[in-house]
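Reader: I'm new to this one and don't quite know where to look. Please pick a single part, take me through it slowly, and then show me how the rest fits around it.

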Amino acid sequence: MAQDPDTINLEKMEKFKDILIKNKKLLIIGVIVLLGLILVSDFYKDRQIKNSEEASQLYQELLISKSSDLERITGIADDLMNNYPQTPYASRAQILYVKNIIKNDNKSENITERLEWAAKNSNEPSIKSLAYFYLGLNYLERGQFESSLKYAEKIQTKGFLAFKYDLMGDIFVKKGDLDNAKVNYEKAIESLSNQGDYARVIEYKLQNI
């Protein structure tokens with residue numbers, strides 16, 4: 001004889017209640033852990049948002065700083081690198097720092113370290129390419145041609161290919177390899193979408209090899 005469906009459902013409910021009672025402590029612990037994870041996740045997200053906002057504010061201050069105020073620029077770049085390394089502004093700040101050092105014809109012992117840090121920590125391809133470009137320039141000025149070439153070859157962003165090949169052309173000129181210099185200057189010109197001032201500068205280099 002078949003059992004009454006209501007009886008079967010009642011038995012299932014009783015078994016379920018027994019399981020709940022036996023595992024009450026585990027269930028309570030599970031709920032507490034879950035709530036804890038949610039709170040930690042919310043706190044982490046809030047902290048990330050706050051950090052990003054603070055870093056953005058610092059970066060805006062850096063953008064409006066006078067290029068000659070290197071002490072202020074250095075302080076902001078250091079602050080972003082040391083206290084907000086996970087934000088995109090930290091790596092961007094190191095690039096701006098280097099640009100200002102070059103613009104003011106100053107020397108800095110830690111340019112290489114800053115650029116390598118930016119290249120390693122940035123998730124933005126354009127910032128990585130800029131870091132590699134300036135690293136290549138830095139090593140070229142030191143006469144370390146192989147290191148300069150190594151960083152030039154790392155530049156992959158399409159918008160920076162002209163800089164890449166121009167730099168490689170300069171490296172090969174310094175090495176006395178004029179054939180490779182010509183090839184790279186030609187590639188640099190081809191990479192430019194228009195014949196602007198930059199293209200004319202490269203053409204001048206090419207004609208004077």
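Author: Let's start with a bit of vocabulary: a charge sits over a ring if NZ of Lys or CZ of Arg is within 6 Å of the ring centre and within 35 degrees of the ring normal. Keep in mind, too, that this is a predicted model. Now for the part I'd pick: Arg114 lies over the face of Tyr97, 4.0 Å from the ring centre.

Find Arg114 in helix H5. Is Arg114 buried or exposed? With a relative accessible area of 3%, Arg114 is buried, since anything under 20% counts that way. Its side chain also has a polar partner: a polar contact of 2.4 Å joins Arg114 to the side chain of Asp78. Who else is around? Setting aside neighbours within four places in sequence, Arg114 is in contact with Thr74, Ala77, Asp78, Met81, Gln94 and Tyr97. So Asp78 and Tyr97 turn up on the contact list, Asp78 being the polar partner and Tyr97 the ring under the charge.

Tyr97 has a second role. The largest nonpolar core has 48 residues, and Tyr97 is one of those that touch the most other members, alongside Leu62, Leu80, Ile95, Leu115 and Tyr134. Helices H2 (24–64), H3 (70–83), H4 (88–103), H5 (111–121), H6 (125–142), H7 (145–154), H8 (161–175) and H9 (178–191) each give two or more residues to this core. Which helix gives the largest share? That's H6, with 9 residues.

Step back for a moment and look at the whole chain. There are 10 helices and 0 strands, so you can stop hunting for arrows in the picture, given that strands would be DSSP runs of E, at least two residues long. Buried residues make up 33% of the 209 residues. Among contacts with a separation of 6 or more, 47% join residues 24 or more positions apart. The accessible surface comes to about 13800 Å², and 55% of that belongs to carbon and sulfur atoms.

Asn100 is a good next stop. Asn100 is in helix H4 and is buried, at 12% relative accessible area. The side chain of Asn100 reaches the backbone oxygen of Leu96 at 2.8 Å. Beyond four places in sequence, Asn100 is in contact with Ser67, Leu70 and Ile73. Take Ile73: 27 residues separate Asn100 from Ile73 in sequence, yet their C-alpha atoms are 8.4 Å apart in space.

Asn83 makes a nice contrast. Asn83 lies in helix H3 and counts as partly exposed, at 48% relative accessibility. A polar contact of 2.5 Å joins the side chains of Asn83 and Asp79. Asn83 also has a C-alpha 8.9 Å from that of Asn51, with their positions 32 residues apart in sequence.

Back to rings. The count comes to 7 aromatic pairs. One of them is Tyr59 with Tyr89, a tilted pair at 5.6 Å centre to centre and 40° between the planes. Tyr59 belongs to helix H2 and Tyr89 to helix H4, so the pair ties together parts 30 residues apart in sequence. Both of these tyrosines are buried. Another tilted pair is Phe160 with Phe163, at 6.0 Å centre to centre and 40° between the planes. Phe160 counts as buried at 16% relative accessibility, whereas Phe163 is partly exposed at 31%. Phe160 and Phe163 also sit in a cluster linked by ring pairs, together with Phe133, Tyr134 and Tyr198. Tyr134 is the name to recognise there, from the list of core residues that touch the most other members.

One last stop brings us back to the kind of arrangement we started with. Arg142 lies over the face of Tyr139, 4.9 Å from the ring centre. Tyr139 in turn is touched by Ser148, which also touches Gly136, Leu140, Leu167 and Ile171, not counting residues up to four places away in sequence. Ser148 has its place in helix H7 and is buried, with a relative accessible area of 0%.

Conventions. Residues are numbered from 1 along each chain as its sequence is written. This is a predicted model: local features need pLDDT of at least 70, side-chain atom pairs count only at pLDDT 80 or more; totals for chains, interfaces and linings use all residues. Side-chain values use heavy atoms; hydrogens and water are left out. A nonpolar core is a set of buried Ala, Val, Leu, Ile, Met, Phe, Trp, Tyr and Cys residues joined through side-chain atoms within 4.5 Å. Buried means under 20% relative accessible area, exposed over 50%, partly exposed in between (1.4 Å probe, protein chains only). Helices (H or I, at least four residues) and strands (E, at least two) are DSSP runs, numbered from the N terminus. Contact means heavy atoms within 4.5 Å. Accessible areas come from the Shrake-Rupley method with a 1.4 Å probe; for residues, only the protein chains shown count as cover. Rings of Phe, Tyr and Trp (its six-membered ring) pair if their centres lie within 6.5 Å; planes under 30 degrees apart count as stacked, over 60 as edge-to-face and the rest as tilted. A polar contact is a pair of N or O atoms within 3.5 Å; within protein, one must be able to donate a hydrogen and the other to accept it, and residues adjacent in sequence count only if both atoms are side-chain atoms.
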